[in-house]
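Work through the exercises below with the sequence and the structure at hand. Each task is followed by a solution in steps.

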Amino acid sequence: MTEIKKGLAGVVVDTTTISKVVPETNSLTYRGYAVQDLSQHCSFEEVAYLLWYGELPDAAQLALLCQRERAQRRVDRSVLSLIERMPASCHPMDVVRTVVSYLGSEDPEEDLGAAPSQRALLAKALRLTAVLPTVIAADMRRRRGLDPIAPHSHLGFAENFLTMCFGAAPDPRIVRAFEISLILYAEHSFNASTFAARVVTSTQSDLYSAVTAAIGALKGPLHGGANEAVMRTMLEIDAPELAAEWLRAKLAAKQKVMGFGHRVYKNGDSRVPTMRDALEQVVEVTGGQRWLRMYAELERTMAETTGIKPNLDFPAGPAYYLMGFDIEMFTPIFVMSRITGWTAHIVEQSASNALIRPLSEYTGVPQRELAVSGSR
């Protein structure tokens, strides 16, 4: 009997040069650079360039990328009108997914018959990277009954988004903590959403369709929605002194606790210490020490009880909450970052394509005769 690998666990389906978790150092790397080093010494724009082009930019290359990204941040009235018409009750990920699909329908280069060049794909990637913060900020504000704020061409990627969301640039420590989170979330090899994008790309479909599929995969609580679930858990617990008892009760009931464990990391998510430091910076600016104490209690109790360590979503959830974001906006922020990794993979898949079409083992009813009596 064929060995079944549920969820493709442990199955290597292709090669990639974009990212890898290095077992010897337990480090996630982008193009060979440890992500903790990138997050400490690089801007998000530099990391985006690295993911797309394979090397960190020099000063001139970075300046040109930033100039092009900032020039494409604005959206026209039709996009804002589309956002306004979306039900306020829908999840913000539904808005992001719909807007990306709409932008694809507006792209004059789509459906021209020929497969787009790498240069054309990278241009579309930059356009989506520039526009998504504007879309997400506008949606967050309309849910709060506020008008959208136009993007600023003189601000960096992270600071511009925070300004569009809240009306003014926050403390520089908040800006930097947010930027670090974007770098940490930007890429993670063949995760569920990236694989979804590569599957769609393998059919020679367009970049917007691939990104729309990735957004749909990321919406799921076992993937991108986990950071939302972490914060809802903390709000449910409410007080740090109740955290240990709450967690033990969940584990005794064999219920899943979001924010812990990862299929890839065997010795803990290498991104967590960096994001934990960023969370501490946010707490220093905003207060909210109770969430940091709760974090420590949950982390300690889980380690003592199961040995399982937190993943990136665990510190990111309370960090985003303390920055002032509504919980349902956490996953769209993930999209705003991961669009760089997704599109790098779309370019890579396009450059050396093979249709992704796995097999399955049929376990249904054996072949049988169709009854053709007159009673049918």
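**Exercise 1. The chain as a whole**

Task: State what share of the contacts between residues at least 6 apart in sequence joins residues at least 24 apart, and describe the fold in outline.

Solution. Step 1: in the protein chain, 75% of the contacts between residues at least 6 apart join residues at least 24 apart, where contact means heavy atoms within 4.5 Å. The model is a predicted one, in which local features need pLDDT of at least 70 and side-chain atom pairs count only at pLDDT 80 or more, while totals for chains, interfaces and linings use all residues. Residues are numbered from 1 along each chain as its sequence is written, and side-chain values use heavy atoms, with hydrogens and water left out.

Step 2: the chain has 16 helices and 3 strands. Helices (H or I, at least four residues) and strands (E, at least two) are DSSP runs, numbered from the N terminus.

Step 3: the radius of gyration is 22 Å, close to the 21 Å from the globule rule for 376 residues, so the chain is as compact as a globular protein of that length. This radius is taken over C-alpha atoms, and the rule is 2.2 Å times the number of residues to the power 0.38.

Step 4: the C-alpha atoms fill a box of roughly 75 × 55 × 50 Å along the principal axes. Of the 376 residues, 50% count as buried, meaning under 20% relative accessible area (1.4 Å probe, protein chains only).

**Exercise 2. Helix α13**

Task: Check the span of helix α13 (residues 272-286) and find what its buried residues pack against.

Solution. Step 1: the expected span of a helix is 1.5 Å times one less than its number of residues. For the 15 residues of α13 this should give 21 Å; the end C-alpha atoms are 20 Å apart, which agrees.

Step 2: Val272, Thr274, Met275, Ala278, Leu279, Val282 and Val283 are the buried residues of α13. They pack against α1 (35-41), α8 (172-185), α14 (289-305) and α15 (313-323).

Step 3: Gly287, just after α13, has a positive phi of about 85°.

**Exercise 3. Empty space**

Task: How many cavities of 30 Å³ or more does a search of the whole structure find, and what lines the largest pocket?

Solution. Step 1: fix the terms. On a 1 Å grid over the protein atoms alone, a cavity is a set of points where a 1.4 Å probe fits but cannot get out; a pocket is an open set with protein on both sides within 12 Å along at least five of seven lines; lining residues have an atom within 4 Å of a point. Grid points are joined across faces, edges and corners, and a volume is the space filled by probe spheres set on the points.

Step 2: the search finds 2 cavities of 30 Å³ or more. The largest holds about 50 Å³, and α2 (44-53) gives the most to its lining, with 4 residues. The second largest has a volume of about 30 Å³, and helix α11 (residues 226-237) supplies the largest share of its lining, 3 residues.

Step 3: the largest pocket has about 1600 Å³ of space. Its lining has 46 residues, of which Phe190, Asn191, His262, Arg263 and Val264 lie nearest the centre. The largest share from one element, 3 residues, comes from β1.
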